[in-house]
Amino acid sequence: MLAVLALGMFGCSNNIDTHEHTFATTYTSNETYHWYAATCEHKAEVKDKGEHSFGEYVSNNDATTEADGTKTRKCSVCDYEDTVTDEGTKIVKTPAFTVAEGAVDSGTSVTITCNTEGAKIYYTTDGTDPTASSTEYTAAISVTAAVTIMAIAVKDGMNDSTVASVSYTIYTPKYSVGDFVLKDKTILSKDTELTDTQKSNVAAVIVRADTSKKPALGVGIVHNRSGLAWCTESAAGYSKNITALQGYKTTGYTDGSDGWEKLKAGCSDAENNPENYPAWNYSVTYAETNGLTGDLAIGWYLPTVAELYTIYQNKDVVDASLSKAGGSQFGISWYWSCCQDPSGDNNARVLNFYDGYMGYGFKYNDVYYVCSVRAFN
């Protein structure tokens, strides 16, 4: 009798017919069904089991240029979420422009690229957003006026890229070839009929106009036309191929503004014995020799063969201005450059202003002329 009572006190496990099950108040679910699970000891019991009632899939807007995104649908009864890959939502990479926005030289060529293989690029130049109906990009765009270029990239089976945009204005040069720069930095047009006072105050003549990427280049109006050696036979640089100074008319070392530093780095005696490098010394001391002060007291250097070749290309205009200012003219003479000739340790580049021919001379040879140039911003 006692044993039977004891068993009865354990509840529904032995009185299933009379036990009232208790259930959770939130749904349990799997991929197909939802139900209320029992909270009593009869764990197999469920209540209100049914299939999910899904709505439409909604994009999660998480696609990238590297992977498709996902989309999710939700059961309206239990809020169970079913998330799957949203095929075809990968985004085409945004186009890129090869020229940074800002002021550019007229005629600058702008290329548009996209790193998604097989994508087509479409662009506009009228300020409207581009679409697949806009002009298809097939060749570099020449910028000749202020413009905003907007571009998208498109590929079948993928979402269009975001719109890329870049704006350009046309750079207006401050200097023109042949212009005069006075000692107080005043700029006079090459067409100016100089007064005697102005002639005595001309510091340089512009030999290369400034661009959006380069400053103007000016040449001092006084040249050494008696001849100087590039270096003496006793100089450390005489029998040394200074590779950092190897340059040609259009390639290699073309901007000589740091040439003296490169020479000093390669030649142990240049710093303390500049007289061992007469042509160099003439150029770097040009301001002191010719009484230039202030900003014009610094920055003068021996030009590269590329810079000499630029002067040669503009020689007629440059010589006409040099003549007006009472300065030295290039004529048909040979001039030293700062460039090492790679053909021999003791050879340096020279340029013939008769025909623009680039040759070389023995560094000790003191028959070549010397000019000094500097940048003008």
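Two strands pair if DSSP finds at least two bridges between them. In this predicted model, strand S1 (residues 28-29) and strand S2 (residues 33-37) are joined by two bridges and run antiparallel. Threonine 28 of S1 has tryptophan 35 in S2 opposite it. With three residues between them, S1 and S2 make a hairpin.

**N-terminal strands**

S2 is also joined to S3, by four bridges, and these two strands run antiparallel. Within that pairing, tyrosine 36 stands opposite lysine 47 in S3.

Strands S4, S5 and S6 form an open sheet, in the order S4-S5-S6, and the pairing is antiparallel. S4 and strand S6 (81-86) are the edge strands, each pairing on one side only. Strand S5 (residues 69-74) is joined to S6 by six bridges. Lysine 71 has valine 84 as its bridge partner in S6.

**Histidine 52**

Histidine 52 is placed in the loop between strand S3 (46-51) and strand S4 (58-59). Histidine 52 has a relative accessible area of 10%, and so counts as buried, the limit being under 20%. Leaving out residues up to four places away in sequence, histidine 52 touches Ser29, Asn30, Glu31, Thr32, Tyr33 and His34, and also Cys75, Cys78 and Tyr80. One of these residues, asparagine 30, has its backbone oxygen 2.7 Å from a polar atom of the histidine 52 side chain.

**The five-stranded sheet and its helix**

A further open sheet has five strands in the order S17-S16-S18-S19-S23, with antiparallel pairing. Its edges are strand S17 (187-188) and strand S23 (373-376), each of which pairs on one side only. Strand S16 (residues 180-182) and S17 are joined by two bridges. Phenylalanine 180 is opposite leucine 188 in S17. Helix H7 (residues 315-324) packs on this sheet and touches S16, S18 and strand S19 (216-220). The direction of H7 makes about 170° with that of S18.

**Nonpolar cores and a buried helix**

The largest nonpolar core has 63 residues. Those with the most contacts inside it are Val219, Trp230, Leu263, Trp280, Val318, Phe330 and Phe376. Strand S18 (residues 202-208) gives the most to this core, contributing six residues. Another core lies apart from it and has 21 residues, including Val104, Val110, Ile149 and Ala164.

Which residues surround leucine 263, when neighbours within four places in sequence are left aside? Leucine 263 is in contact with Trp230, Ile242, Leu245, Ala270, Tyr277 and Trp280.

Helix H6 (residues 305-313) is largely enclosed by the rest of the structure, because seven of its nine residues are buried. The buried residues of H6 are Val305, Ala306, Glu307, Leu308, Tyr309, Thr310 and Ile311.

**Salt bridges**

The structure holds eleven salt bridges. Among them are the three pairs below.

| Salt bridge | Closest N to O distance |
|---|---|
| Aspartate 82 and arginine 73 | 2.8 Å |
| Aspartate 258 and lysine 262 | 3.9 Å |
| Lysine 264 and glutamate 261 | 3.2 Å |

Aspartate 82 is buried, with a relative accessible area of 17%. Its partner, arginine 73, is partly exposed at 25%. In the second pair, aspartate 258 is partly exposed, with a relative accessible area of 32%, and lysine 262 is partly exposed at 27%.

In the third pair, glutamate 261 is partly exposed, with 48% relative accessibility. Lysine 264 and glutamate 261 are three residues apart in helix H3 (residues 259-266), so about one helical turn separates them. An α-helix has 3.6 residues a turn, so residues three or four places apart point the same way.

Beyond these pairs, Lys185, Asp295 and Arg374 are linked in a network of salt bridges.

Conventions: Residues are numbered from 1 along each chain as its sequence is written. This is a predicted model: local features need pLDDT of at least 70, side-chain atom pairs count only at pLDDT 80 or more; totals for chains, interfaces and linings use all residues. Side-chain values use heavy atoms; hydrogens and water are left out. A nonpolar core is a set of buried Ala, Val, Leu, Ile, Met, Phe, Trp, Tyr and Cys residues joined through side-chain atoms within 4.5 Å. Buried means under 20% relative accessible area, exposed over 50%, partly exposed in between (1.4 Å probe, protein chains only). Contact means heavy atoms within 4.5 Å. A salt bridge is a side-chain nitrogen of Lys or Arg within 4 Å of a carboxyl oxygen of Asp or Glu. A polar contact is a pair of N or O atoms within 3.5 Å; within protein, one must be able to donate a hydrogen and the other to accept it, and residues adjacent in sequence count only if both atoms are side-chain atoms. Axes are lines fitted to C-alpha atoms, for helices over the stretch in contact, and angles run from 0 to 180 degrees between N-to-C directions.
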